[in-house]
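Trainee: I'd like to go over one spot in this model with you, slowly, and then see what surrounds it in the rest of the fold. Could you start small and work outward?

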Amino acid sequence: MVKRCWFLMFLLVGTLCLCSADVLAKGKRRSVPQREGWELVWHDEFDGRRLSDEWTRIPRFKNPSEWDKFMSSHDRLYEVKGGKLTLYGLVNDFLPEDTAHFLTGGVYTKGKVYFQRGRLDVRLKMDDASGAWPAAWLLPDGRWPHDGEIDIMERLNHDDFAHQTIHSAVTEYDHERRKTQNWHYTAPIRKGDWNVYSVVLTEDSVSFLINDKLTFTYRKESEHGPGQFPYDRPMYLLLDMQLGGDWVGPINPRELPYRYQIDYVRFYKMKN
């Protein structure tokens, strides 16, 4: 009887260990640190060997703008390994049917996962290169810029700081009204290291943080009408690697390939 009990216990422990390993292998169910006062409601730790179905590779659109002009879904631009998603910027010497001189990777949750009223954290690490323009940002389904854009992080070239920005019809077209409060801020980062970029979304404010330090808050001003604060709506996340353009400047091919690494994405709702 004693031997049988020990045998059953051994089987139970073995089963629990297998279940635990299976949970870790699936990645998204692994235990992650909780934030005090917040409930984790969605996350991706990139622990598998491929992107989850909640992400889509960003296409190059029919009339591309600067941020998507080199976008490609080619496998060489994407890597999920060691608990990291890496997006690459490469010289195009491997895809002759694409006439673009460079190719870049990007993913988004459009049509799949949307974020509203909560805290979104992304942990990122970026190479240095002239003409490099990695970004993490939020967009709604709608018209740009009237329905809003939130840039959680943009970083250029070899900079030791990042940009965090609000976009709307007011910031783009009404330069007098946008002077009422900050809509763009730059803050230092740990260059060459991991940094956590965050945005806290409420019904009347958008707050930006880097490594848990508040950088600035953009608030709703009801007297200016709905166009001043279009951000209290579902928005999807974009993570993309771009090269070149009027803002970032010329590309140096000798500094490629470029790696944009994402450790995790975590979204929290405030506890009642």
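Where is the place of Asp-212?

Mentor: Keep in mind as we go that this is a predicted model. Asp-212 sits in the loop between strand 13 and strand 14. Those two strands cover residues 205-210 and 213-219, and Asn-211 lies in the loop between them as well.

Look at the backbone there. Asp-212 has a positive phi, about 70°, although it isn't a glycine. Asn-211 does this too: its phi is positive at about 50°, and again the residue is not a glycine. As for accessibility, Asp-212 has a relative accessible area of 47%, so it counts as partly exposed. Asn-211 comes in at 25%, so it is partly exposed too.

For contrast, take another loop aspartate. Asp-98 is found between strand 4 (84-91) and strand 5 (102-104). With a relative accessible area of 14%, Asp-98 is buried. Leaving out residues up to four places away in sequence, Asp-98 touches Arg-60, Asn-92 and Leu-103.

While we're on loops, there are two cis peptide bonds to look at. One joins Trp-144 and Pro-145, with omega about 0°, and Pro-145 is in the loop between strand 8 and strand 9. Another runs from Leu-256 to Pro-257, with omega near 10°; Pro-257 lies in the loop between strand 15 and strand 16.

Now step back. The chain has two helices and 16 strands. Of its 272 residues, 50% are buried. Contacts reach far along the sequence, too: among those with a separation of 6 or more, 69% are between residues 24 or more positions apart.

Seven of the strands make an open sheet, in the order 2-6-15-8-9-10-11, with antiparallel pairing. At its edges stand strand 2 (56-57) and strand 11 (184-188); each has a single partner strand, so one side of each has no neighbour in the sheet. Further in, strand 8 (residues 132-139) pairs with strand 15 (residues 236-243) in the antiparallel sense, over eight bridges. To find the register, put Pro-134 opposite Met-241 of strand 15.

Next, the packing. In soluble globular proteins, nonpolar side chains tend to be buried together. Here the largest nonpolar core holds 56 residues, and those with the most contacts inside it are Leu-138, Ile-150, Tyr-197, Leu-237, Leu-239, Tyr-260 and Val-265. Strand 16 (residues 258-270) supplies the largest share of this core, five residues. There's also a second, separate core of twelve residues, with Ile-58, Met-71, Trp-133 and Leu-139 among them.

Ile-150 is a good one to click on. Setting aside residues up to four places away in sequence, its contacts include Trp-137, Leu-138, Thr-165, Ile-166 and Val-199. Leu-201, Val-206, Phe-208, Tyr-231 and Met-235 are touched by Ile-150 as well.

Then try Tyr-264, which is in strand 16. Its relative accessibility is 11%, so Tyr-264 counts as buried. Beyond residues up to four places away in sequence, Tyr-264 touches Asp-44, Glu-45, Phe-46, Asp-121, Val-122, Arg-123 and Val-196. Arg-123 is a nice long-range case: 141 residues separate it from Tyr-264 in sequence, yet their C-alpha atoms are 5.6 Å apart.

Finish with the largest pocket, whose volume is about 710 Å³. Its lining has 31 residues, and Ser-65, Trp-67, Trp-137, Trp-144 and Glu-149 lie nearest the centre. You've met Trp-144 already, at the cis bond to Pro-145. The elements giving two or more residues to the lining are strand 8, strand 9 (149-154), strand 10 (161-167), helix 2 (169-173) and strand 15. Strand 8 gives the most, with four residues. By class, the lining is mixed: 13 nonpolar, seven polar and eleven charged residues.

So to come back to your spot: Asp-212 is a partly exposed residue at 47% relative accessible area, in the loop between strand 13 and strand 14, with a positive phi of about 70°.

Definitions and conventions
Residues are numbered from 1 along each chain as its sequence is written. This is a predicted model: local features need pLDDT of at least 70, side-chain atom pairs count only at pLDDT 80 or more; totals for chains, interfaces and linings use all residues. Side-chain values use heavy atoms; hydrogens and water are left out. A nonpolar core is a set of buried Ala, Val, Leu, Ile, Met, Phe, Trp, Tyr and Cys residues joined through side-chain atoms within 4.5 Å. Buried means under 20% relative accessible area, exposed over 50%, partly exposed in between (1.4 Å probe, protein chains only). Contact means heavy atoms within 4.5 Å. Two strands pair if DSSP finds at least two bridges between them. On a 1 Å grid over the protein atoms alone, a cavity is a set of points where a 1.4 Å probe fits but cannot get out, and a pocket is an open set with protein on both sides within 12 Å along at least five of seven lines; lining residues have an atom within 4 Å of a point. Grid points are joined across faces, edges and corners, and a volume is the space filled by probe spheres set on the points. Ala, Val, Leu, Ile, Met, Phe, Trp, Tyr, Cys and Pro count as nonpolar, Asp, Glu, Lys and Arg as charged, and the others, Gly among them, as polar.
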